[in-house]
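Work through the exercises below with the sequence and the model open. Each one sets a task and then solves it in steps.

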Amino acid sequence: MNFKDMNLIEELKMVLKQKKFIKPTEIQEKSIPKILEGEDVIGLSQTGTGKTLAFVLPILQKIDKDNDCVQALILCPTRELVQQIRQEIKEYSMHLKHIRSVAVYGGADIKQQIFSLKRRPNIVIGTPGRVLDHIKRHTLKLQNVQTLVLDEADEMFNMGFRKDIITIISKTPESRQTLLFSATMNDEVTSISADYMKNPQTIKVGKQNTTLDAITQTYFLVPKDKKKKALHSLLRELERGRTLIFCNTKNMVGMVQSYLEKMGYRPAVLHGDMPQSQRTRVMNEYKSGKVEILITTDVAARGIDVNDILHVVNFDLPQNLENYIHRIGRTGRAGKDGFAWTILNSDDQQQKLKQIEKMIKAKITLKRLQLENIDEIKLENKFAGREKKNGSFKHKKQQNYGKNPQKFRKGRK
Ligand code: ADP
Ligand code: MG
């Protein structure tokens, strides 16, 4: 099946063609027709398999240009994800001049958002808290919503948005279509789908709660006080490429940043305590390739689609097992290869990783890292920007990676 054989309007097919997207992914092929027919859909597929377009394309197709009310509301857990989905909507509505979308999220100027909402958008994308805020201010009216999407539904519940989401749902008409997408599911979401969806069609692609085969997964076991050294050693060994490092706390993000800076890297950081303008700037710099290493918390674990992230490093083992799936799912997207590296510091954590391994039905291989004298090996100045130059990362392997840069590429499936 190709996009051109699907029941999509020409304006959408044109953009798909321009983007050289020929074939729909499996989740798209199975859910788009159902959504176009008006069915409620629960779409479950692995990370990076194109769930966004699975709901964005039919929504764009269904927006009635003679109705200037909010017809589609998309809820998702983080501001970065709101911005990303808005961007995708803008790109795909290139030939649909009647589409007006507005993004609403916390930490950004509410007056500006109120102003945008007055300009009669037909699609609103937002985080639950800020959407509810606008509902209370009467600056967002949902009585004409025909399609409601909960992207990363389980995460919004984990974050404690359950009550807000139910309130928001109650402001939309009962006749609405409800769509729910994620790579993972939990019982709470299943229960909400029973209460608030009409005869939902569950579309499951691949095994649930699994990771992609395209991601090669490795872990290391080191003493706790050597974790930073282990990270430095790992970064030296890795093939150059966009790298995302996850820590469990903002505090740890800061400590890892200081250490890596001392070692000569120029990492950027992203976490929930930063002002929104800074969060947006950092994401843009990371996306454009201006920075190669980003250290973050789970705020970037869900949904974020940055092209060509080669390595995901779990500096800390995630507290919540599903988040392992989401974190490493930032690599290996849209059919590409990727690498996931996890640093552990106790037998207890190793047990937890074994549990994860069972859940995701994939192999996570133990490897060793060179830790002796690593503190003495600081990066030379020329390495200091693992920064993008002339449009691509420099691959100065000998200079930057020590003797055997390809070491960890070996033994791949
Ligand atoms: P998910 O939500 O499933 O994690 P995304 O919707 O973020 O995945 O999509 C991941 C990447 O795949 C995006 O960069 C997107 O542009 C790309 N993509 C989506 N659909 C297709 C397709 N049919 N063909 C090729 N690439 C696609
Ligand atoms: Mg997604």
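**Exercise 1.** Determine how Asp-133 and Arg-130 are placed relative to each other in helix H6.

Step 1. Both residues lie in helix H6 (residues 128–136), 3 residues apart, which is about one turn of the helix. Helices here are DSSP runs of H or I with at least four residues, numbered from the N terminus.

Step 2. Their side chains form a salt bridge with an N to O distance of 4.0 Å. The term stands for a side-chain nitrogen of Lys or Arg within 4 Å of a carboxyl oxygen of Asp or Glu. Side chains of opposite charge can pair when their charged atoms come close.

Step 3. Asp-133 has a relative accessible area of 27% and is partly exposed, while Arg-130, at 12%, is buried. The classes are buried under 20% relative accessible area, exposed over 50%, and partly exposed in between (1.4 Å probe, protein chains only).

The model is predicted: local features need pLDDT of at least 70 and side-chain atom pairs pLDDT 80 or more, whereas totals for chains, interfaces and linings use all residues. Residues are numbered from 1 along each chain as its sequence is written, chains are lettered from A and ligands numbered from 1 in the order in which they are written, and side-chain values use heavy atoms, with hydrogens and water left out.

**Exercise 2.** Of the 20 salt bridges in the structure, examine Glu-80 with Arg-279 and Arg-162 with Glu-188.

Step 1. Glu-80 and Arg-279 meet at 2.8 Å, N to O. Glu-80 belongs to helix H4 (residues 79–92) and Arg-279 to helix H12 (residues 276–288), so this pair links distant parts of the chain, 199 residues apart.

Step 2. Glu-80 is buried at 3% relative accessible area, and Arg-279 is buried at 4%.

Step 3. The side chains of Arg-162 and Glu-188 meet at 3.3 Å, N to O. Because Arg-162 lies in helix H8 (residues 162–170) and Glu-188 in helix H9 (residues 187–196), the pair ties together parts that are 26 residues apart in sequence.

Step 4. Arg-162 is partly exposed at 30%, and Glu-188 is partly exposed at 32%.

**Exercise 3.** Trace the surroundings of Asp-154 in helix H7.

Step 1. A network of salt bridges links Asp-154 with Glu-152, Glu-155 and Arg-302.

Step 2. Helix H7 spans residues 153–158, and Asp-154 is buried, with 0% relative accessibility.

Step 3. The Asp-154 side chain makes polar contacts with the side chains of Ser-182 at 2.7 Å and Thr-184 at 2.4 Å. A polar contact is a pair of N or O atoms within 3.5 Å; within protein, one must be able to donate a hydrogen and the other to accept it, and residues adjacent in sequence count only if both atoms are side-chain atoms.

**Exercise 4.** Which residues are closest to ligand 1, and where does the ligand lie with respect to domain 1 and domain 2?

Step 1. The ligand is surrounded by 17 residues (a heavy atom within 4 Å), the closest being Lys-23, Gln-28, Gly-48, Thr-52 and Asp-305.

Step 2. Domain 1 (3–204) and domain 2 (215–412) both give residues to the shell, so ligand 1 lies between them. The bounds come from an automatic or database domain assignment.

Step 3. Helix H3 (residues 51–62) gives the most to this shell, with 3 residues.

Step 4. A polar backbone atom of Gly-48 is 2.7 Å from an oxygen atom of ligand 1.

Definitions and conventions: Helices (H or I, at least four residues) and strands (E, at least two) are DSSP runs, numbered from the N terminus.
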